[in-house]
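Trainee: I'd like to understand how the words we use for a ligand site follow from the numbers. Can we go through one together?

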Amino acid sequence: MAAFPFEIEATDGKARTGVLKTPRGDIRTPAFMPVGTAATVKAMTVDQVKDTGADIILGNTYHLMLRPSAERVKRLGGLHKFMRWDKPILTDSGGFQVMSLSGISKLTEEAVTFSSHVDGSKHVLTPERSIEIQADLLGSDIVMQLDECVAWPAEEARARKGMELSARWAKRSKDAFGTRDTQVLFGIQQGSTFENLRRESSERLREIGFDGYAIGGLAVGEGHQAMCEVLDYAPGFLPEDRPRYLMGVGKPIDLVEAVARGVDMFDCVLPTRSGRHGQAWTWDGPINLKNAKYAEDETPLDPDSDCPASRDYSKAYLRHLFKAEEILGQVLLSWHNIAFFQALTAAMRAAIAEGRFEQFRRDFAARHLGG
Ligand SMILES: Nc1nc2c(CCNCC3CCCC3)c3[nH]c(NCCc4ccccc4)nc3cc2c(=O)[nH]1
């Protein structure tokens, strides 16, 4: 019996809508998970994040093990208490962040060793240590195996090596995790853009057995089309009765096209990162609020939204805040963008439940990409 029941309430083609039930609360899928890298969803309070409708956020092993250290978070009561977020938290295992953030790093069968981008100190991440940090010290609800995300493009032989290492680390992660009744472990499918490797990766993960399955190794530069081509088959290799989480994705159109191919969960820094730089995501596509055309535009970003940042402030005011480099601009736009991503997933859940997802998908693309 899975530790977290996943109830699929409706399907429409390959798209699914359901609920992943956890001791800290239900996660409605399709779900967008805001990224809370250093124990904060940047520029937002946890009450604002909750206000957007987010059911779960991400925490980050890599950042928190470097600062303030996982042991200190543990001594302070764990990540939920530390940051005052009482709903579910999913933590990534840290390997991906090492490869993309830290300077010197070495990857062997045993571990990833690296020097901190904060103070240059040396650190070691093994599958076992990552599980200890996530499950025992941070106390996250959904734990990710340590994996190797192979850079794109990759030769098949290189992609196979990374997939097989990740599969061996999946086993070590599962053994270290053991059986727990209030936390779960997700495996991560690898294999770059090779269908046979993706299938093999999935078979190895299913043999080991996980409560949920992530699709890794994508959104690494391959582009929307190539990602969709992999998603035409990769989700289907994973158990259909367990959640499928596409890591690091993505733009609104990526979410819609991935849901159409059977994906349930997403995370991306895009809404918060682009918000801090003045980019607002809307049903009519992204807009850059620093653009002079908004200088006297008194309309809000979305008058129909229940998010104050989207409904109550004029584009003229938001533009002013960015031109004046006022912190409030970053706060309001992060809030708006997260609220938009939550409104998008809520609209997809409703469309699937009502059997009209294909129409939603066509209408969304026409309006959002229409220009
Ligand atoms: N374990 C693991 N993590 C991956 C991640 C990190 C997901 N977010 C983690 C959060 C935890 C805290 C930080 C992030 C990925 N992120 C991306 N693309 C991001 C692309 C992107 C980059 C910048 C802006 C927008 C999109 N591909 C990913 C692949 C993997 C993977 O195979 N394995």
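Mentor: Sure, and keep in mind that this is a predicted model. Let's start with E5, which gives the most to the shell around the ligand, with 3 residues.

Trainee: Which other elements give two or more residues to that shell?

Mentor: Besides strand E5 (57-60), they are helix H5 (95-101) and strand E14 (265-268). In total, 23 residues surround the ligand, with Asp-92, Asp-147, Gly-217, Leu-218 and Asp-267 as the closest.

Trainee: What makes the pair between Asp-267 and the ligand a polar contact?

Mentor: A polar side-chain atom of Asp-267 lies 2.8 Å from a nitrogen atom of the ligand. The cut-off is a pair of N or O atoms within 3.5 Å, so this pair counts.

Trainee: And what about the backbone of Gly-217?

Mentor: There, a backbone N or O atom lies 2.8 Å from an oxygen atom of the ligand. With the limit at 3.5 Å, that pair is therefore a polar contact too. The protein covers 83% of the 700 Å² of accessible area that the ligand has on its own.

Trainee: Why is Gly-217 counted as polar when the shell is divided up?

Mentor: Because Gly is placed among the polar residues by convention. The shell comes out as 10 nonpolar, 9 polar and 4 charged.

Trainee: Which residues does UniProt mark as "binding site"?

Mentor: The UniProt record lists Asp-92, Ser-93, Gly-94, Gly-95, Phe-96, Asp-147, Gln-190 and Gly-217. Of these, the lining of the largest pocket includes Asp-92, Phe-96, Asp-147, Gln-190 and Gly-217. That pocket is the space taken by the ligand.

Note on methods: Residues are numbered from 1 along each chain as its sequence is written. This is a predicted model: local features need pLDDT of at least 70, side-chain atom pairs count only at pLDDT 80 or more; totals for chains, interfaces and linings use all residues. Side-chain values use heavy atoms; hydrogens and water are left out. A residue is near a molecule or strand if one of its heavy atoms lies within 4 Å of it. A polar contact is a pair of N or O atoms within 3.5 Å; within protein, one must be able to donate a hydrogen and the other to accept it, and residues adjacent in sequence count only if both atoms are side-chain atoms. Accessible areas come from the Shrake-Rupley method with a 1.4 Å probe; for residues, only the protein chains shown count as cover. On a 1 Å grid over the protein atoms alone, a cavity is a set of points where a 1.4 Å probe fits but cannot get out, and a pocket is an open set with protein on both sides within 12 Å along at least five of seven lines; lining residues have an atom within 4 Å of a point. A molecule sits in a cavity or pocket if more than half of its atoms lie within 2 Å of its grid points. Helices (H or I, at least four residues) and strands (E, at least two) are DSSP runs, numbered from the N terminus. UniProt positions are given in the numbering used here, feature names are shortened, and annotations may be inferred rather than shown by experiment.
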